[in-house]
Amino acid sequence: MTFENRNALVTGAAGGIGKATALKLASFGCGIAVCDINEAGLKAVASEIKDKYGVNTVSYTVDVSDENTCRTMAADAEEQLGHIDILVNNAGIYREGYMPFEKQNSDLWNRKIGINIMGTMYLTHALLEPMYSRGWGRIINIASVAGIYGIANMVDYSMTKGAIIAFSAALAREATEKGVTVNAVSPGNIITENGRNNEHLSYIGRSGTPEECADLISFLASDEARYISGVNYPIDGCRRKI
Ligand code: NAP
């Protein structure tokens, strides 16, 4: 995969899928801006990227649900790295408030909307015009199988991820002819740092790994994915139970 003279901004990069994606893109020589709300985890990832791959790396401790912070970070990353060509909107929350919809409250909904939807919109909005001006860009939004099928006890989360899939499809219809592809990636059950293997959720018979997601995301971010836009890619080992 080709990433010559490319830089990427990856959100939620202190762990899980975001960390694996930042490391994978760096392994291809891509410059990296990482951001996360988890400062300690973020510092460790930024050091690992520099030590292993020696690419230009900048890091930002931010809450992506804050618009001003997102815009300031996007402008600074453009300045520090020269240009941001690839945006991976990965930061998201899903563990909070696993319960039937009637037991949930609007604080939970607003937090999920703020991070999972608005964070993606703020950063995309901030980086889209610079990408248009250069005639090349890749936007990859991390959704979920929850946004395709819906998951019980995760109604609020499922709604935010359905929104991300629709956002990606619609934006692709504006952006693709300007050289910017927009795609969504919908993981199924992916085993991250504190997770457990759920063999019953896929016909493959195991949870997926962050690295497997990073392989797909990196491909969509590469030059070679030039003819792919407006698509939502499930990566779920052939989902069994929803
Ligand atoms: P993760 O391990 O929890 O990593 C997400 C990272 O985002 C964490 O470091 C988290 O920090 C950070 N974060 C949370 N809120 C943030 C905010 N407001 N601003 C900036 N960073 C923030 O998650 P993951 O499992 O890798 O999931 C990554 C993405 O894939 C999410 O969008 C998720 O919805 C999606 N996804 C995951 C799965 C799965 O099975 N793992 C399945 C489908 C979709 P803290 O740890 O401090 O909260």
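What radius of gyration would a compact globule of 242 residues have, and what does the chain have? A compact globule with 242 residues would come out near 18 Å, and the chain has 17 Å, which agrees. Keep in mind as we walk through it that this is a predicted model.

Let's stay with the overall picture for a moment. Along its principal axes, the C-alpha trace spans about 45 × 35 × 30 Å. Buried residues account for 52% of the 242 residues. The accessible surface comes to about 11,000 Å², and carbon and sulfur atoms contribute 51% of that.

Now for the secondary structure. The chain holds seven helices and seven strands. If you follow the sequence from its start, you meet them in the pattern β-α-β-α-β-α-β-α-β-α-α-β-α-β. The contacts tell you how the chain is brought together: among those between residues at least 6 apart in sequence, 72% join residues at least 24 apart.

Next, the charges. The chain carries 22 positive and 27 negative charges, and the mean positions of these two sets lie 6 Å apart. Side chains of opposite charge can pair when their charged atoms come close. In the whole structure, a search finds 10 salt bridges, and a few of them are worth a visit.

A good place to begin is glutamate 48, which forms a salt bridge with lysine 19, with 3.9 Å between the closest N and O atoms. This pair links distant parts of the chain, as glutamate 48 sits in helix 2 (residues 39-53) and lysine 19 in helix 1 (residues 16-27), 29 residues apart. How buried or exposed are the two partners? Glutamate 48 counts as partly exposed because its relative accessibility is 24%, and lysine 19, with a relative accessible area of 24%, is partly exposed too.

Glutamate 48 also meets lysine 52 in a salt bridge, at 2.8 Å from N to O. Glutamate 48 and lysine 52 are four residues apart in helix 2, so about one helical turn separates them. Put together, Lys19, Glu48 and Lys52 are linked in a network of salt bridges.

Let's move on to another pair. Aspartate 63 forms a salt bridge with arginine 111, and their closest N and O atoms are 3.6 Å apart. Here again distant parts of the chain are linked: aspartate 63 lies in the loop between strand 3 (57-61) and helix 3 (67-81), whereas arginine 111 belongs to helix 4 (residues 106-134), 48 residues apart. Aspartate 63 is partly exposed, with a relative accessible area of 24%, and arginine 111 counts as partly exposed at 33% relative accessibility.

Our last stop is glutamine 104. Where is glutamine 104 placed? You will find glutamine 104 in the loop between strand 4 (86-89) and helix 4. Glutamine 104 counts as buried because its relative accessibility is 8%, which is under the 20% cut-off for a buried residue. And which residues is glutamine 104 in contact with, leaving aside its neighbours within four places in sequence? They are Gly97, Met99, Trp109, Asn153 and Asp156.

Technical notes:
Residues numbered from 1 in each chain as written. Predicted model: local features only at pLDDT ≥ 70, side-chain atom pairs only at ≥ 80, totals over all residues. Heavy atoms only, no water. Helix = DSSP H or I, 4+ residues; strand = E, 2+ residues; numbered from the N terminus. Rg over C-alpha atoms; globule rule 2.2 N^0.38 Å. Buried < 20%, exposed > 50% of the residue type's maximum accessible area, 1.4 Å probe, protein only. Contact = heavy atoms within 4.5 Å. Areas by Shrake-Rupley, 256 points an atom, 1.4 Å probe, with all protein chains shown as cover. Lys, Arg positive; Asp, Glu negative; His and termini not counted. Charge placed at Lys NZ, Arg CZ, Asp CG, Glu CD. Salt bridge = Lys/Arg side-chain N within 4 Å of Asp/Glu carboxyl O.
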